[in-house]
Amino acid sequence: MAIIHQTAEIGHVAEKQLLTSREKGTRGQWWRFVLILLITIVTLVPVAVVLFLAFTPSVTSTTSGGFTAENFTSVFATTDVVLWLQNSLLVTLGTVIVSVIVAAPAGYVLSRGRSRAVSGYSLLLFVFQSLPVITSVIPLFILFANLGLVDNLLGVTIVYVASAMAVATWMMAAYMDSIPISLEEAAWIDGASLFRGFVQVVLRNSLPGVLSTAIFTFLVAWNDYLVAIVFLRSAVAFTLPLGVQSFFQQNTTDWGSVMAVAVVMMIPPVLIFVLLNKYFSVGGIGGSLAGQ
Amino acid sequence: MTTTTAPSTRGKPAVAGQRRRRFKSGTSTLFFLVLPSIVLLLLIHGFPLIQAFIQSLHNGTLVDPGPFVGLQNYIDNLTSATFWKAAGFTVVFTLVGVFGSWAVGLALALLLRTRIPAGGIFKVLLLLPWVVPIVVSSTAINWLVATSSSPIPMLFANLGLAPPLFLADPTWAKILVCVFKVWISFPFMMMMSSAALASVDETVYEAARMDGATSQQQLRWITLPMIARSTYISWILMTIFCVNDFPTIFLVTGGGPIDATNTLVVLAYRTVFQNQQVGPGVSIAFMMTVVLVFISTLLYRQIRKAAI
Amino acid sequence: MSDLRIPDVSRRGFLKATGVAAGLALVPGLAACAQSKTQTSSGGGTAGTLKFWDMPWAQDAYNKASEAFVAAYKPAEGLPNAALQRIQWNNFTTTFSSALASKTGPAVSSGGGFQAFQFADQGYIAMADNLISTWEKDGFRKDFLPGTLEAMKTDKGYVAVPWQTDFRVWWYRKSLFDDAGAKVPTNWDELMTAGEALKKKGYFGWGDGAGAGNNIGAHTMVFMMINNGGGLFTPDGKLDVLNERNVEAVDFIIQLVKAGISDPASVSYTTDNHLAQWKNKKFAFGIYTAGLDQALGEPSGADLLAASPLTGPHGDKAILAFGNNIMMYTNTPSQPGSEAFLSYYIKNMKTYWQQGVVTGLPVLQSIVDLPEFQKSASNVKVVKEYQPVAKTYGTRSTQLFAAMAQVDGSQPLAQFTQSVLGGQTDAKSALTTLQQGLSTIVKS
């Protein structure tokens, strides 16, 4: 970093540079705006396709041209979209809540704990995160079948929680890393137990971390296809990914209806992201992973 | 426990000279805090792992557990052309996926740090590819490129160029799948880069500007080194995501055409669920996992050492 | 660190939250009692309930018809009622095998064409011999079309009862042939000539699709091999891919591809894309399942018509068909109950054809004779001309066996189909790769 050593040299040269950079800034602003606009448009083409097809009358309808919401009305009336939506919401909310409850204390340990055991736990998380679901799917199915957890939403929820566990724990740990331990130390001096310190001090201040974790686990549970298709059989238990797929298969060229269901599947995660994105932070994972 | 009012060093990247605090007491409480997580992990990941390993030592089908064959499945994999072809594409897919998404993500993160009208809206819109369910986006891709009357081939035709067979030609299918993966992954990289960039001290840039450093020099000598650790971590995470990624490829090409877009995880799935050969399929998944874990752990330890 | 404070989370509050979470987790169990618009299950009878698993055999109308059909079953005294559950085609073998392995499977089910043979090897299937002998006594057995019932026989007995046949049929679009001035082919040479004439007008004389999830392509390959007197297996079930007739057949297809008679993008066509090409009048001639006109919503006998089976270069006439069947399992609350239900099913399934909700073809003569069935010209033609020359998957006999389940939809077969349709290979090398790929599967 040789440049830093030369910081002593400040003169009217620097002033001139500041001026030109400000001018450049304004012109540059519009260039950058156009650039990013183009990039965003290209990036969103597939999303636009889905919206376009969903609002266009399908080949089997009698409406001509223009945009219409009739695909949605027909899809809500004749298919199980509402049921799939319900199931997906239930499973996802269950996953989010249980994940946060399990990952928060685990993240605390990862953040505050320093021992070989904790490093071992961190490594365990890391190894399990690297496993592809396919290795576990069949043995897991048989285990769950014996426990009666197959073909119902509870079993699927448990699997999702475990799938998201590693990253959720890292996210919580990362956030907790940014809470100075001095606050807990103050609480301990006042006679609080470790657990109380955790709950009163750390948890109370971890809302952004909790939200980050919640958003991440939401996506894991909402979008999953492979686990759902192996574990869920009855149409009453279908989550949206399964419902959407089965709908595709049964209505081969009816893009309008198919995309209408796809839009329904897209809305909740997009909504959550739009509303809560300022809380969502993955940056701390790096620190938490490397800081052990 | 020590009493101190000195500011904590937790959370900040470790700088030479400052020790990290160590926390030793209350181990039993810590144990109980982490217990639910461990139980869940062992039950859902650990137990099936052992079962799966046993399955890989047998030559069973979905219906029939099959005879014990020892390591024969693993040996067959090492001598199978299909296996190595899939391994090769896994490497290509991962490299393009990781570095492609990182480059795009970083570029966008840098761009978004400057003042742009409606920058906040762009930030959210650019997250959409990661948020949109893959079942939905893969269908959109099929609609866009599948037949000669689909929009993108028609666009090519209207421009007077011969429309490529995006899904039918092996090379184009590979390109399509890699581009799709970059599309899905760049938002994650963008978020990680953003967070890392935000933690870099502004004053360093100011000093560099005073010295007449160009943007390119600033990028190369200040930005990149200062976000290095987060960058390496994001590479490792994205590598894991890419190697294990099944739906992105399977929903678009099914592993074809002519096995061109088979990665190891797609091949494992097809062997288990299409050929119904559970033993051989699971052995492929295992081999892939072992290599992945080995490489990742190595890199991960390197980063730990480098950081301190 | 933010200044945000969440409400005081005391230990009590923490436990309360856990309780809420546990409660929420239980709710999904309750939600499973919700009613679905596309599926109902009839309640249990006094003597227990028979689980009947059925696949989505056609469009939504079939699903509704089958629910009504099962609900209408009134068992005799002391025999169980039947409850229908719809199983998706996706990974259905995993669904069935894991269910059977954990003893949560059905008592009776429809399913894949070779499924019964696979599961019989593992002892999960209850043989239908008893049921069939009762049909011999009351004369019902005569109603089965020749060959359909016999195809279900193995050394251990009849593993299932056929209910519909899934034919692979030659289809052609009359308007495109008229436009190109081509003649509908009756043998392979004519197929080539017609293809070339059609090509001049931009139509494809070999309409096919081999993309993700689309089995038609692979079936087409095997179809042509069988049509030429070849096949994947010897009559006694040994893998025999590299024989002369197969090489000839594959060679012919590659010639079609090279001549531009086949759509180069077929390699990646999903079922959607495949049907779209038929609908959009790009495909003029090709193989598909029966009832293509129905699937596309076109009136029967108008433009989309079934052609007669083609004669191969050596004079062979053969087509490929899959015998879909209903099987009984050993894990049943009552074997007489299963048989009674199956008997009801087979004797009354004509309602599906009367309502016109299935695309598969019947196995009973009485259904063929129904006026509703006779209305579809293509279906009548298929039963008349295709049934007599129908061969099952990949053999030169009519026997079926377990390994076929692994071959159908397998990755070597998919890869083989795609490489042939891609036209970049020759018959011998493609077949050799296929032989190698299949031999690792079939031996296991």
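This dialogue covers confidence, one helix pair and the chain contact in a predicted model.

Reader: How are residues and chains labelled, and which pLDDT limits apply?

Author: Residues count from 1 along each chain as its sequence is written, while chains are lettered from A and ligands numbered from 1 in the order in which they are written. The model is predicted: local features need pLDDT of at least 70 and side-chain atom pairs pLDDT 80 or more, but totals for chains, interfaces and linings use all residues.

Reader: Where in chain A is confidence lowest, and where highest?

Author: Where pLDDT is low, the predicted coordinates should not be read in detail. Chain A averages a pLDDT (the predictor's confidence in each residue, from 0 to 100) of 78. Helix H1 (residues 2–5) of chain A is lowest, at a mean of 45, and helix H5 (residues 81–112) of chain A highest, at 90. Helices are DSSP runs of H or I, at least four residues, numbered from the N terminus.

Reader: At what angle do H3(A) and H14(A) pack?

Author: Axes are lines fitted to C-alpha atoms over the stretch in contact, and angles run from 0 to 180 degrees between N-to-C directions. Helix H3 (residues 45–55) of chain A packs against helix H14 (residues 255–276) of chain A at about 125°, with axes 7 Å apart. The pair is therefore oblique (not under 35 degrees, over 145, or 65 to 115).

Reader: How many residues does each chain give to the contact?

Author: Contact requires C-beta atoms, placed from the backbone, within 7 Å. Chain A gives 86 residues and chain B gives 91.

How values were computed: Contact = placed C-beta atoms within 7 Å. Helix = DSSP H or I, 4+ residues; strand = E, 2+ residues; numbered from the N terminus.
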